[in-house]
Amino acid sequence: ITEGLADNDLVMGQPQSALAVLNSVRPAAGDAASVRDALLGIVYARTGRRADALHQVDQIRGAGQTRLNYPLATLLAALGYNEEAVDSLEKAAANRETDILFLGVDPMLDSLRSNARFQALAVKLNLAPAKENAP
């Protein structure tokens, strides 16, 4: 629930509020740690704390949490590492991570929408937005 509140704050452009939410609970464990670490990294990236955001990437990768590639992809996208973000999304799809179903609508991935590999993945997964038919 906490991660959902922080995610909403980030989407609404309120990273300080997201940080307060994330800091209001004790650190998570297991899969929830990946999500929390990624959200915390996105907050850092959006508030100009790039070194702290990169530390979160290292923490996710170093803790063996990369079996959840989707949260890592959102953090990499926030940092502007678009190709690495798409790599993580491709791994998420290959691993059948359920979050990949949000690929077509997740605002955390908006910076990737013009990326050809991202678009190809969305089409492959049948998650590309519907195109309007010309009359």
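**Helix packing around Leu79 and Leu89**

Me: Where is Leu79 found?
Reply: This is a predicted model. Two helices flank the residue, helix 5 and helix 6. Leu79 sits in the loop between helix 5 and helix 6.

Me: Is Leu79 buried or exposed?
Reply: The cut-off for buried is under 20% relative accessible area. Leu79 has a relative accessible area of 5%, so Leu79 is buried.

Me: Which residues is Leu79 in contact with, leaving aside its neighbours within four places in sequence?
Reply: One link across the sequence is to Ile42, 37 residues apart along the chain, with the C-alpha atoms separated by 7.7 Å. Contacts are a separate matter, judged on heavy atoms within 4.5 Å. With the sequence neighbours left aside, Leu79 is in contact with Ala45, Arg50, Ala53, Leu54 and Val57.

Me: How many helices and strands does the protein chain have?
Reply: From the N terminus on, the elements run α-α-α-α-α-α-α. The count for the protein chain is 7 helices and 0 strands.

Me: What share of the contacts with a separation of 6 or more joins residues 24 or more positions apart?
Reply: The protein chain has 135 residues, and buried residues make up 41% of them. Among contacts with a separation of 6 or more, residues 24 or more positions apart account for 53%.

Me: How are helix 4 and helix 5 oriented, roughly parallel or roughly antiparallel?
Reply: Helix 4 spans residues 50–62 and helix 5 residues 69–78. Their axes come within 10 Å and cross at roughly 160°. Angles over 145 degrees count as roughly antiparallel. That makes the pair of helix 4 and helix 5 roughly antiparallel.

Me: How do the residues of the contact of helix 4 with helix 5 divide by class?
Reply: The crossing of these helices, helix 4 and helix 5, is left-handed. Helix 4 brings Ala53, Gln56, Val57, Ile60 and Arg61, which meet Leu72, Leu75 and Leu76 in helix 5. The residues in this contact of helix 4 with helix 5 divide into 6 nonpolar, 1 polar and 1 charged.

Me: How are helix 5 and helix 6 oriented, roughly parallel or roughly antiparallel?
Reply: The axes of helix 5 and helix 6 come within 8 Å. They cross at roughly 165°. Helix 5 and helix 6 are therefore roughly antiparallel.

Me: Which class counts describe the contact of helix 5 with helix 6?
Reply: This crossing of helix 5 and helix 6 is left-handed. From helix 5 come Asn69, Tyr70, Leu72, Ala73, Leu76 and Ala77. They meet Asn82, Glu84, Ala85, Ser88, Leu89, Lys91 and Ala92 in helix 6. By class, the contact of helix 5 with helix 6 has 8 nonpolar, 3 polar and 2 charged residues.

Me: How are helix 6 and helix 7 oriented, roughly parallel or roughly antiparallel?
Reply: Helix 6 covers residues 82–94, and helix 7 covers residues 116–124. They pack at an angle of about 15°, with axes 9 Å apart. Angles under 35 degrees count as roughly parallel. Helix 6 and helix 7 are therefore roughly parallel.

Me: What are the class counts for the contact of helix 6 with helix 7?
Reply: The crossing of helix 6 and helix 7 is left-handed. Glu83, Val86, Asp87, Leu89, Glu90 and Ala93 in helix 6 meet Arg117, Phe118 and Leu121 in helix 7. By class, the contact of helix 6 with helix 7 has 5 nonpolar, no polar and 4 charged residues.

Me: Which residues of the largest nonpolar core touch the most other members?
Reply: The core has 34 residues. Helix 2 (15–23), helix 3 (31–46), helix 4, helix 5, helix 6 and helix 7 are the elements that give two or more residues to this core. In soluble globular proteins, nonpolar side chains tend to be buried together. Within this core, the residues touching the most other members are Leu89, Leu103 and Leu112.

Me: Which residues does Leu89 touch, not counting those up to four places away in sequence?
Reply: Leu89 belongs to helix 6 and takes part in its contact with helix 7. Leaving out residues up to four places away in sequence, Leu89 touches Tyr70, Ala73, Ile100, Leu103, Leu109, Leu112, Phe118 and Leu121.

Me: Is Arg96 buried or exposed?
Reply: Arg96 lies in the loop between helix 6 and helix 7. Its phi is near 60°, a positive value in a residue other than glycine. At 74% relative accessibility, Arg96 counts as exposed.

Me: What is the relative accessible area of Asn126?
Reply: Asn126 is placed in the segment after helix 7. Asn126 is not a glycine, yet has a positive phi of about 60°. Asn126 is exposed, with a relative accessible area of 68%.

How values were computed. Residues numbered from 1 in each chain as written. Predicted model: local features only at pLDDT ≥ 70, side-chain atom pairs only at ≥ 80, totals over all residues. Heavy atoms only, no water. Axes fitted to C-alpha atoms, helices over the stretch in contact; angles between N-to-C directions. Helix = DSSP H or I, 4+ residues; strand = E, 2+ residues; numbered from the N terminus. Parallel < 35°, antiparallel > 145°, perpendicular 65-115°, else oblique. Left-handed = near helix turned anticlockwise from the far one by under 90°. Nonpolar A, V, L, I, M, F, W, Y, C, P; charged D, E, K, R; others polar. Buried < 20%, exposed > 50% of the residue type's maximum accessible area, 1.4 Å probe, protein only. Core = buried A, V, L, I, M, F, W, Y, C linked by side-chain atoms within 4.5 Å.
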